[in-house]
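Q: Please take a close look at the disulfides of this protein for me. Then move on to the parts around them.

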Amino acid sequence: MVVKRFLVLAAMMMVLATNADASSRGQPGTTFKDCPGCPEMVVIPAGSFRMGDLKGEGNSWEKPVHKVSISKLFAVGIYEVTQREWLAVMGSNPSQFKGHHNPVENISWNDAQDFMKQLTSKTGLKYRLLSEAEWEYSARAGTNMKYHCGDDIGCPESVAWHSGNSSRSTHPVGQKKANSFGLYDMHGNVGEWVDDCFFSGYQGAPTDGRANFNSRNVSSSWPVCKNRVIRGGSWRDTPSNIRSASRRGNDKNDRYSNYGFRIARDLNDSELKASNSNQSKKFALPTPPKSEQRSKTQSGKYFVERVQVTKSTDVKSDTIVKRVTDALTKRAKKHLPDKSTVVLLVHIGRMRTPSTDRNKSVKIYMSQLSGSFRLVDKASKTILAQSSIDAAYREPHVGGAGDVENMVINRFVTLVVRKLKQGN
């Protein structure tokens, strides 16, 4: 019998001040929350890109390739909207695959609009879906490849949950590697509703980043704009269908367990003015409430500000957290810039099978640590480095699960330190 135990541990999660001064949001890469419990957002730079099937391997509705220029900064959710965020605003959770940190799904385009209206009434700021052009620009993040990680069909393993690795389910957001704009799960996990009507190609599409509502190339048998666009692919799609250029359309009332969304909003005049005048005043990190502080350690340049156990079926969870953070404190501090902090999201899983060798005499133990980290300058909130980490150890071992745990923790910390040295 295989016993699976999973812990999701968030160490050193950045808690950003709400209602912060507008000047702090005028720089690309700045992250913020508009309210407690609001989705965390990041400012995306203005720029131009080539939109569509750049490799000539996609579908006809991914053509023609055309240049799009986005003239203003905008903000977008770092993660797909989670079930916890949806529940806090809407009061119910429609998702099939339950989990506070999993993306909300089983929602229609109209449902997403309702969520943003409710969030707007809460904060006084106007939220929206990304346009299709903004979505692809954000997903590519300066690349011209099939995926933001490259052209190789194997690279989605590091950035996406898809049909080959998802076990036919969504997963907590942010477990895979982010793109260079700091966005997670742009490929896979759940397909993301965007604002545009779905057309059979890009003929006549806007070239300034606006959503496409032009109905002149829609069959007369279709209700105007009944079908909306979904981007990014999902846990049930093959890697070829989660490319940066991949797109599909569905009725805006449809609800499926592989459809979700992320929020966006335009920066207001004061925020844009701050950008244009190159102001760079940043937030201060507030002290987390005592109720959220599970452990705290400090040493030199590296410190753990907060450890939050969000799901735990293992009484040893706090011990594992301490072992990971203590090891990082000891081994990583000399590789960190002064006055910097590490934001570390860790997923710990362990499985055991009692007897898998031929003679059924040796127990097999497996331990796994995976997650991602961001190295952040505390003063400017600039992301200095970020990467995903995946460490596993599995072998017949007479010493038992404890020894294998030691090995995988050591391997995980080694990988983090190596990434910090490389500045990845």
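A: The disulfides come first, then a helix pair, then some single residues and backbone details. This is a predicted model, in which local features need pLDDT of at least 70, side-chain atom pairs count only at pLDDT 80 or more, and totals for chains, interfaces and linings use all residues. Residues are numbered from 1 along each chain as its sequence is written, and side-chain values use heavy atoms, with hydrogens and water left out.

A disulfide is a covalent bond between the sulfur atoms of two cysteines. Here, a disulfide is counted when a pair of cysteine sulfur atoms lies within 2.5 Å. A search of the whole structure finds three. Number the bonded cysteines in sequence order, and the pairing reads 1-2, 3-4, 5-6.

Start with C35 and C38. Their sulfur atoms are 1.8 Å apart. The torsion about the S-S bond of C35 and C38 is about 90°, so this disulfide is right-handed. Both C35 and C38 are buried. Buried means under 20% relative accessible area, exposed means over 50%, and partly exposed is in between, with a 1.4 Å probe and protein chains only.

Next come C149 and C155. Their sulfur atoms are 2.1 Å apart. The torsion about the S-S bond of C149 and C155 is about 65°, so this disulfide is right-handed. C149 has 29% relative accessibility and counts as partly exposed. C155 has 14% and counts as buried.

The remaining pair is C197 and C225. Their sulfur atoms are 1.6 Å apart. The link of C197 and C225 is left-handed, with -95° about the S-S bond. C197 lies in strand β7 (residues 191-197) and C225 in the loop between β7 and β8 (227-231), so the pair ties together parts that are 28 residues apart in sequence. Helices (H or I, at least four residues) and strands (E, at least two) are DSSP runs, numbered from the N terminus. Both C197 and C225 are buried.

N212 brings us back to C197. N212 sits in the loop between β7 and β8. N212 is buried, with a relative accessible area of 7%. Leaving out residues up to four places away in sequence, N212 touches D196, C197, F199, A205 and P206. Contact means heavy atoms within 4.5 Å.

Now the helix pair. Two packed helices are described by the angle between their axes and the distance between the axes. The axes of helix α1 (residues 83-90) and helix α2 (residues 109-123) come within 9 Å and cross at roughly 65°. That makes α1 roughly perpendicular to α2. Axes are lines fitted to C-alpha atoms, for helices over the stretch in contact, and angles run from 0 to 180 degrees between N-to-C directions. Angles under 35 degrees count as roughly parallel, over 145 as roughly antiparallel, 65 to 115 as roughly perpendicular, and the rest as oblique. The crossing of α1 and α2 is left-handed. A crossing is left-handed if the near helix is turned anticlockwise from the far one by less than a right angle, and right-handed if clockwise.

Which residues meet? From α1 come E85, W86, V89 and M90; from α2 come D111, A112, D114, F115, Q118 and L119. By class, the contact of α1 with α2 has six nonpolar, one polar and three charged residues. Ala, Val, Leu, Ile, Met, Phe, Trp, Tyr, Cys and Pro count as nonpolar, Asp, Glu, Lys and Arg as charged, and the others, Gly among them, as polar.

Two loop residues deserve a look. L125 lies in the loop between α2 and α3 (132-140). L125 is partly exposed, with a relative accessible area of 22%. L125 and D34 are 91 residues apart along the chain, yet their C-alpha atoms are separated by 8.3 Å. M186 is in the loop between α4 (156-159) and β7. At 1% relative accessibility, M186 counts as buried. Leaving out residues up to four places away in sequence, M186 touches W135, S138, A139, N179, E192, G232 and R262.

Finish with the backbone. Most residues other than glycine have a negative phi, and most peptide bonds are trans. A cis peptide bond joins K63 and P64, with omega about 0°. P64 is in the loop between β4 (47-51) and β5 (66-70). N106 is not a glycine, but has a positive phi of about 60°. N106 lies in the loop between α1 and α2. R168, also not a glycine, has a positive phi of about 60°. R168 is exposed, with a relative accessible area of 56%.
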